Amino acid sequence: MAVLSPAKTTKLTSEDEPAVKRSKGGIAGRLFQWLSTAAGLTILVTLAAVAGFLILRAWPALTASPAELQEISWFKADSLLSYVGPLIFGTLLASVLALLIAVPLSVGIALFISHYAPRRLAQGLGYIIDLLAAIPSVVYGLWGALWLAPVLNPIFEWLTSSLGFIPLFAGYQPPAKNILTASIVLGVMILPIITAVAREVFLQTPRLHEEAALALGATRWEMVRMAVLPFGRSGLVSASMLGLGRALGETMAVLMILSPGFLYSFFLLEPGQHQSIAANIAAKFPEASGLSVSALIATGLALFVITLVVNMFARWIISRRSEFSGAN
Amino acid sequence: MTTLPLSSTPAAPAPPGRGAASGTARRSRLKPWAPWAAAGGSLVLAFLVTLVAGTPSFASVVALAAVFYLVGLTAWSRIVEGPRWATDRLATTLVTFAFGLALVPLISLLWTVVSKGSKVFSLTFLNTNMVGVFGDMTEGGVYHAIIGTVLITAAAAAISVPIGILTAIYLVEYGRGPMARGITFLVDVMTGIPSIVAGLFAFSLFTLIFGPAYRAGIMGAVALSLLMTPVVIRSVEEMLRLVPNELREAAYALGVPKWLTIIKVVLRTAIAGIVTGVMLAVARVIGETAPLLLTVGIITKVNWDLFDGLMTTLPVYAYNQYSQGGAGVDRAWAAALTLILIVMVLNLIARLVSKFFSPKAAR
């Protein structure tokens, strides 16, 4: 609205038809700009409030002495830091495993839908993926605990008996309530989200880039590698970020599947080794009161900081690439 | 398989090395039936191998056949067509397999939910609540949970959709300089806020203001809107950025003021994407369990008051019934089915809206 300065609009009289429209545009325009700026500022205020209120409520636990903390029935560690350490480890391990499973698959699925499947079929497939992006986490939890765990049982038994010499796969005990099962479910959960974003990004590849690649004699894969993937890279990073964000904070699937433990352990198939921050909070919060609420909120604060760091890192990766977009 | 015109016709000059050897511009290609033949061959081979090794099961035959197909077709193509086309075929195969592999958990999930959920799912299940249901009773339903979910999600959407769309407009159309960059960054940060942290925030906020025992649906709605707003902003922003600058410039050239251009041209062009984004955001938060578990809890009867007292929501209900075990597990599956049906209806509406209201695109 920089073009229409207030002085200019008030100078014009109402007999002038276009001028009337313009002056109305000026007021409404300023109002509109003000509204949208205010909405933007809301985000700023909200985030400050999230951090502020969490710190405020976690403060009693952050400043409490170990002796006070140990009065909480479930608090078995020496300090808050040594309590939250294994939880952070478990959260990161589960999320990274989930990303390792989900990202390659998602890129494949998105490419299949956008560039490989017949056009008519692709629309329906896209619709299916959209529906799956919306399946609630509690349903994934039910499915993981009651369907997937029994199915994975023989596979894990085979893994631990034939590859058990690798520490990663040692010590499996049925039922499959271990971190690998939880990660597979997390991977499946974030798969549709990453796929949906990646598919949209791939579909937005300029037609001319693709046609130019093909006209130069590229095979379909070379076209994808030279035109589609570079165009979609920053979109892919943001898609993975969305997936990682959901995996890090995902509560229900981990809560319903994983048999919890508080260790730094790489035994992926052994139950009772890991626990994630979010699942731990959900498990203990309903019965908590007083200082134990503060202690749980303090672990929540740790989770908040981790997601902050992850997002900053992802943001840094994206910012290294210039933006392609319609609006400058 | 689509046949791109260029991939089926011989390309003009062969690469120097091959051209010198064959002396011709024509490149030999595998016939269109080759992948099917390879697939059939590897299935038969896999069946025979598993038969020799032991008892063939469906899963093991398919898995082994996939490996044979991958290796066999790539090798065949490399011999006949050369390394570039072999890589192309390998990529095609891998991409198709990725899709097939991903469908396995997804189909099994839907099938499990429908088959197990339909056991107690009925009209009675939908319009009774859990008053007087205890022990091994198979009665009881989700009426109160549906009301709670709809109220809380609607309140969350009422908070976050206007803020989300306006913020996206600010970022794309008005925002310049450090403030816009800061807000973009903070939206990214907000996208990563775990749902449980949003629940803790709403809990902290309301219990500090209204006392430690305060519980109400609005707490859940605030927590959900915290999760929903960045999703709305992201998707709307993405869609607004896709609107070509030429359209904006054409509107300005006709003397249309900026705000009217945004409403009539930019939003109009992006409406399909915006609706889909908002619907996906609603569908994402409608299934959120953790923040509601912390803030609104669970009760056995209907609570219409968003500002006072506990409320039951479908996801928390499903989790609660699952952890009770016994007859509760059946109710948990039925609640999951209800939730999925609601989400499907939402998606269907989104599809219809985007189909009927979006301008016809070029592709």
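Analyst: In this predicted model, helices are DSSP runs of H or I that hold at least four residues, whereas strands are runs of E that hold at least two, and both are numbered from the N terminus. Read in that way, chain A has 12 helices and 0 strands, and its pattern along the sequence is α-α-α-α-α-α-α-α-α-α-α-α.

User: How many residues does chain A have, and what percentage of them is buried?

Analyst: Chain A has 328 residues, of which 49% are buried. If one takes the contacts in chain A with a separation of 6 or more, 77% of them join residues that are 24 or more positions apart.

User: What average pLDDT does chain A have, and over which residues does the pLDDT stay under 50?

Analyst: pLDDT is the predictor's confidence in each residue, from 0 to 100. Chain A averages 81, and 88% of the residues score at least 70. The value stays under 50 over residues 1-24 of chain A, where the model has 19 contacts beyond four places in sequence, and also over residues 322-328 of chain A, where the model has 12 such contacts.

User: How should I read the largest nonpolar core, and which residues touch the most other members?

Analyst: A nonpolar core joins buried residues of certain kinds through C-beta atoms within 7 Å. The largest one here has 200 residues, and those touching the most other members are A:L142, B:F201, B:A318 and B:A336. Helix 4 of chain A (residues 80-116) gives the largest share of this core, with 18 residues. Because domain 1 (33-118) and domain 2 (125-357) of chain B both contribute residues, this core lies between them. Another core, of 6 residues, lies apart from it and includes B:A38, B:V61, B:A65 and B:L73.

User: Which residues is A:L142 in contact with, leaving aside its neighbours within four places in sequence?

Analyst: A:L142 is in contact with A:M256 and, in chain B, with B:A318, B:Y322, B:A332, B:W333 and B:A336.

User: How many residues does each chain bring to the contact between chain A and chain B?

Analyst: Chain B brings 87 residues and chain A brings 77 residues. On the side of chain B that touches chain A, the largest share, 19 residues, comes from helix 5 of chain B (residues 83-117). By class, that side of chain B has 61 nonpolar, 18 polar and 8 charged residues.

User: How far apart are the C-alpha centres of the two domains of chain B, and how many residues of each are in contact?

Analyst: The centres of domain 1 and domain 2 of chain B lie 39 Å apart, and 5 residues of domain 1 are in contact with 5 residues of domain 2. On the side of domain 1 that touches domain 2, there are 2 nonpolar, 2 polar and 1 charged residues.

User: Which residues of chain B does UniProt list for "transmembrane region"?

Analyst: The unreviewed UniProt entry lists several stretches of chain B under that name, including residues 142-171 and 216-233. In the model, residues 142-171 of chain B are 97% helix and 0% strand, with end C-alpha atoms 41 Å apart. Residues 216-233 of chain B are 94% helix and 0% strand, with end C-alpha atoms 27 Å apart.

User: Why does B:P315 count as buried?

Analyst: A residue is buried if 20 or more other C-beta atoms lie within 10 Å of its own, and B:P315 counts as buried because it has 25 C-beta neighbours inside 10 Å. B:P315 lies in helix 14 of chain B (residues 314-324), and its contacts beyond four places in sequence include A:P136, A:V138 and B:L339.

Notes: Residues are numbered from 1 along each chain as its sequence is written. Chains are lettered from A and ligands numbered from 1 in the order in which they are written. This is a predicted model: local features need pLDDT of at least 70, side-chain atom pairs count only at pLDDT 80 or more; totals for chains, interfaces and linings use all residues. A residue is buried if 20 or more other C-beta atoms lie within 10 Å of its own, exposed if 12 or fewer, and partly exposed in between; C-beta atoms are placed from the backbone. Domain bounds come from an automatic or database domain assignment. Two residues are in contact if their C-beta atoms, placed from the backbone, lie within 7 Å. Ala, Val, Leu, Ile, Met, Phe, Trp, Tyr, Cys and Pro count as nonpolar, Asp, Glu, Lys and Arg as charged, and the others, Gly among them, as polar. UniProt positions are given in the numbering used here, feature names are shortened, and annotations may be inferred rather than shown by experiment.
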